[in-house]
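The following exercises ask the reader to work through a structure step by step, with a solution after each task. Please keep the sequence and the coordinates open while reading.

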Amino acid sequence: MNARLEHFAQIVSREQFDLAEASLMLAQDIYPDLEVPNYLERLDGIAAAIKKRIAGDAFAEQKVRALNYYLFNELRFSGNVEDYYDPRNSYLNEVLERRTGIPITLSILYLEVGKRLGLNLKGVSFPGHFLVKLSVKRGQLVLDPFIGGEAQSESDLRERLAQVLPSGKAKQATLDPYLEPATPRQIIARLLRNLKSIYTQTGKLEQTLAVMHRMLLVLPESAEELRDRGLVYQQLECFRPALSDLQNYLRRRPEAPDAAEIHGRIVELKQASARLN
């Protein structure tokens, strides 16, 4: 494991870790010259500019209004609706440079600037669309950084739910389980899943593999991620690491629904490895 991956492994092994730092570190696979502290300073600078505009005793809703106005009206951060699946939308450095992103990266930006303003914001892994929430005296605000930090009503949330659940279920569903705060680990895993999906669909196997190395550092217990990495190794004709990952997958999941198929691949990989000797 190289030094950067080791550093990433150390950070994500903690229960709580710096979300911005971890997001920027995973971008180093594609941007090897990326200097993480420079982008963290940029987040500090955005927060400092907003702090100058708000009273020291400003309450949470006032801070949210100032945050929304500065990020989305002045700096013109916006959701990338034209090219949603551009991988750059999933890298925080690119979001800061281009001022556009997808719900999860704009939410990471929002959470990190909000944290620097003293706002106790939480990320929400809402089905199909990442959101942010804030506890206030009257209950909670649910905000969508993809559309300028707009507050989401209950009917807005049910409408979103209806896009991923059968509409009858969405109407009856209790929203609370869908609004549970996401941990930093869950947020980074969701970000990596986005990248894995984009790179898999575009056939970029080296980039997919780099994402999977990080995914297994974030979710070391995931047998399915181990299997998926083994299958990518096989496509790249890296037979021995493929064999190791797939054998470990079956050790962890001997009764897996795809066990017979994976057994077949293991036989092929053993033959391919033997030919290399």
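**Exercise 1. Describe the pairing of β4 with β5, and then place both strands in their sheet.**

Solution. Strand β5 (residues 139-144) pairs with β4 in the antiparallel sense over five bridges, where strands are DSSP runs of E with at least two residues, helices are runs of H or I with at least four residues, and both are numbered from the N terminus. Two strands are said to pair if DSSP finds at least two bridges between them. Within this pairing, K133 has V142 in β5 as its bridge partner.

The model is predicted, so local features need pLDDT of at least 70 and side-chain atom pairs count only at pLDDT 80 or more, while totals for chains, interfaces and linings use all residues. Residues are numbered from 1 along each chain as its sequence is written, and side-chain values use heavy atoms, with hydrogens and water left out.

The next step is the neighbour on the other side: strand β3 (residues 121-124) and strand β4 (residues 131-136) pair in the antiparallel sense over four bridges, with L121 opposite L134 in β4. These two strands form a hairpin with six residues between them, and G128 in the turn has a positive phi of about 80°.

Taken together, four strands form an open sheet in the order β3-β4-β5-β6, with antiparallel pairing. The edge strands are β3 and β6 (150-151), each of which pairs on one side only. Helix α4 packs on this sheet, touching β3, β4 and β5, and its direction makes about 150° with that of β4; contact here means heavy atoms within 4.5 Å.

**Exercise 2. Characterise the packing of α3 on α4 by angle, distance and residues in contact.**

Solution. Two packed helices are described by the angle between their axes and the distance between the axes. For helix α3 (residues 36-51) and helix α4 (residues 60-74) the angle is about 125° and the axes are 10 Å apart. That makes α3 oblique to α4, since angles under 35 degrees count as roughly parallel, over 145 as roughly antiparallel, 65 to 115 as roughly perpendicular and the rest as oblique. Axes are lines fitted to C-alpha atoms, for helices over the stretch in contact, and angles run from 0 to 180 degrees between N-to-C directions.

The contact itself brings I46, A49 and I50 in α3 against A66, L67, Y70 and L71 in α4. The residues of this contact divide into seven nonpolar, no polar and no charged, where Ala, Val, Leu, Ile, Met, Phe, Trp, Tyr, Cys and Pro count as nonpolar, Asp, Glu, Lys and Arg as charged, and the others, Gly among them, as polar.

**Exercise 3. Is N120 buried or exposed, and which residues does N120 contact beyond its sequence neighbours?**

Solution. N120 is found in the loop between α6 (103-116) and β3. With a relative accessible area of 53%, N120 is exposed, given that buried means under 20% relative accessible area, exposed over 50% and partly exposed in between (1.4 Å probe, protein chains only). Leaving aside neighbours within four places in sequence, N120 is in contact with K133 and L134.

**Exercise 4. Answer the same two points for R227 in helix α11.**

Solution. R227 counts as buried, at 18% relative accessibility. Leaving aside neighbours within four places in sequence, R227 is in contact with L246, Y249, D258 and I262.
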